[in-house]
Amino acid sequence: MTAAYPNLRLRRTRASAWSRALHRETVLTPADLIWPLFVTEGQGVEEPVASLPGVSRWSVEGIAKRAKEAVELGIPCVALFPNTPASRRSDDGAEALDPDNLMCRAIRAIRDACGNDIGVLTDVALDPYTSHGQDGLLDDAGYVVNDDTVAVLVDQAMNQAQAGADVIAPSDMMDGRVKAIRMALEMGGHPNVQIMAYAAKYASAFYGPFRDAVGSGGLLKGDKRSYQMDPANGEEALREVALDLAEGADSVMVKPGLAYLDVVVRVKQRFEVPVFAYQVSGEYALIEAGVAAGVGEREALVMEKLTAFKRAGCTGVLTYHAPLAARLLNG
Ligand code: PBG
């Protein structure tokens with residue numbers, strides 16, 4: 001601070017729209033957004049997700065259309081999540097390794113429709129494929145085992161890379177998986193495939209609607225606290241990030257979003273690397289519920305929250321509001 005009132009009147013620069021525009025520190029653009037999409041079996045299928053008003057699961061050709069829409073809106077990347085049919089879920093999640101599974105077909109359909117005009121980010125974790133809804137393999141006591149799970153995740157990541165994924169995003173929180181996936185990509189002829197590590201992923205109560213969307217919610221017994229982080233921990237997030245960067249991650253993610261912006265700030269300041277945040281399903285649903293309850297205007301609520309991610313230092317945001325926000329930003 002160099003002056004005091006009345007020499008300094010901070011309201012001067014706020015007095016008109018041109019001046020507010022000139023002094024704006026943070027600008028959100030469609031290029032900051034990653035659009036998560038849910039894939040389902042069938043042809044011409046659109047299934048609205050009840051707990052995520054405005055979000056649907058699409059069959060493969062519908063996913064390709066959404067990707068084209070993203071390109072037109074200036075959204076640079078989509079993130080894919082499958083709703084695997086119940087008959088194809090198993091204890092070991094082997095469906096994740098099938099080169100013709102929903103994910104791989106969706107990747108190829110996007111590639112056919114959009115070429116390289118869009119990035120395809122794919123989630124690595126077993127929960128959409130397991131009959132128990134956990135992200136990894138269980139031992140007899142029901143504990144999610146680390147190293148055997150990592151071996152399967154490597155095969156899952158390679159399966160996605162072979163289908164044409166651009167960004168592998170491990171969301172499983174096993175120890176050592178980034179290094180194992182990076183080595184496999186290098187050795188397996190995919191040196192340019194990126195890894196965006198879900199580095200600081202918390203055992204959050206805000207994932208409920210997502211689990212409905214991928215169909216794992218009803219299957220999951222217990223919780224994920226033996227691998228996802230304790231929401232009380234910030235310092236530990238820095239250790240997770242340091243580890244994933246050392247293991248070969250190109251970018252890192254903090255998840256959920258808004259309640260963890262302090263973690264975003266700490267990660268950005270400490271590491272100076274690309275940091276993404278995932279505005280998760282429960283955050284989206286809360287905004288929509290607020291709109292329905294008359295709390296405020298959808299557009300204003302959405303833009304304020306997304307701008308907060310940029311202000312905190314995010315390189316980009318995964319958000320189910322991506323198409324709406326891009327439309328607003330494009331005027
Ligand atoms: C699965 C995964 C989850 C999300 C992304 N990948 C759920 C979970 O960990 O149970 C949540 C995304 C959201 O809530 O929008 N590994």
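**Exercise 1. Is Arg88 buried, exposed or partly exposed, and what is its relative accessible area?**

Solution. Arg88 is partly exposed, because its relative accessible area is 40%. The classes are these: buried is under 20% relative accessible area, exposed is over 50%, and partly exposed is in between (1.4 Å probe, protein chains only).

Some ground rules before going on. This is a predicted model, in which local features need pLDDT of at least 70, side-chain atom pairs count only at pLDDT 80 or more, and totals for chains, interfaces and linings use all residues. Residues are numbered from 1 along each chain as its sequence is written, and side-chain values use heavy atoms, with hydrogens and water left out.

**Exercise 2. Find the salt-bridge partner of Arg88 and place the pair.**

Solution. Step one: apply the rule. A salt bridge is a side-chain nitrogen of Lys or Arg within 4 Å of a carboxyl oxygen of Asp or Glu. Step two: name the partner. Arg88 meets Asp98 in a salt bridge, at 3.5 Å from N to O. Step three: place the pair. Asp98 and Arg88 are both in the loop between S4 and H3, 10 residues apart. Helices (H or I, at least four residues) and strands (E, at least two) are DSSP runs, numbered from the N terminus. Step four: check the partner's accessibility. Asp98 counts as partly exposed because its relative accessibility is 23%.

**Exercise 3. Trace the salt-bridge network that contains Glu69.**

Solution. Start with the count: the rule gives 16 salt bridges. Next, take Arg66. Glu69 forms a salt bridge with Arg66, and their closest N and O atoms are 2.9 Å apart. Both residues lie in helix H2 (residues 60-73), three residues apart, about one turn of the helix. Arg66 counts as buried because its relative accessibility is 14%.

Now take Arg327. The side chains of Arg327 and Glu69 meet in a salt bridge at 2.8 Å, N to O. This pair links distant parts of the chain: Arg327 is in helix H11 (residues 322-329), Glu69 is in helix H2, and 258 residues separate them. Arg327 counts as partly exposed, because its relative accessibility is 43%. Put together, Arg66, Glu69 and Arg327 are linked in a network of salt bridges.

**Exercise 4. Describe the surroundings of Arg89, a charged residue without a salt bridge.**

Solution. Locate Arg89 first: the loop between strand S4 (77-82) and helix H3 (102-114). Lys and Arg count as positive and Asp and Glu as negative; His and the chain ends are not counted. Arg89 is buried yet has no salt bridge, and the nearest side chain of opposite charge, Asp127, is 7.8 Å away.

Next, look for a backbone partner. The Arg89 side chain reaches the backbone oxygen of Thr84 at 2.8 Å. A polar contact is a pair of N or O atoms within 3.5 Å; within protein, one must be able to donate a hydrogen and the other to accept it, and residues adjacent in sequence count only if both atoms are side-chain atoms.

Then follow Thr84. Thr84 lies in the loop between S4 and H3. Thr84 is buried because its relative accessible area is 4%. A polar atom of the Thr84 side chain lies 2.9 Å from the backbone oxygen of Pro128.

Finally, check contacts (heavy atoms within 4.5 Å). Not counting residues up to four places away in sequence, Arg89 touches several residues, including Pro128, Tyr129 and Val214. With that same exclusion, Thr84 touches Arg89, Glu95, Leu102, Pro128, Tyr129 and Val214.

**Exercise 5. Which strands flank S5 in pairing, and how well is S5 covered?**

Solution. Two strands pair if DSSP finds at least two bridges between them. S4 and S5 pair in the parallel sense over four bridges, with Val78 opposite Val120 in S5. S5 and strand S6 (residues 167-170) also pair in the parallel sense over four bridges. Here Val124 stands opposite Pro170 in S6. From S5 the chain crosses through helix H4 (residues 147-163) to S6, in a right-handed β-α-β crossover. Right-handed means that, with the strands pointing away from the viewer, the path from the first strand over the helix to the second runs clockwise.

For cover, count residues: six of the six in S5 (residues 119-124) are buried. Gly119, Leu121 and Asp123 on one side and Val120, Thr122 and Val124 on the other are all buried.
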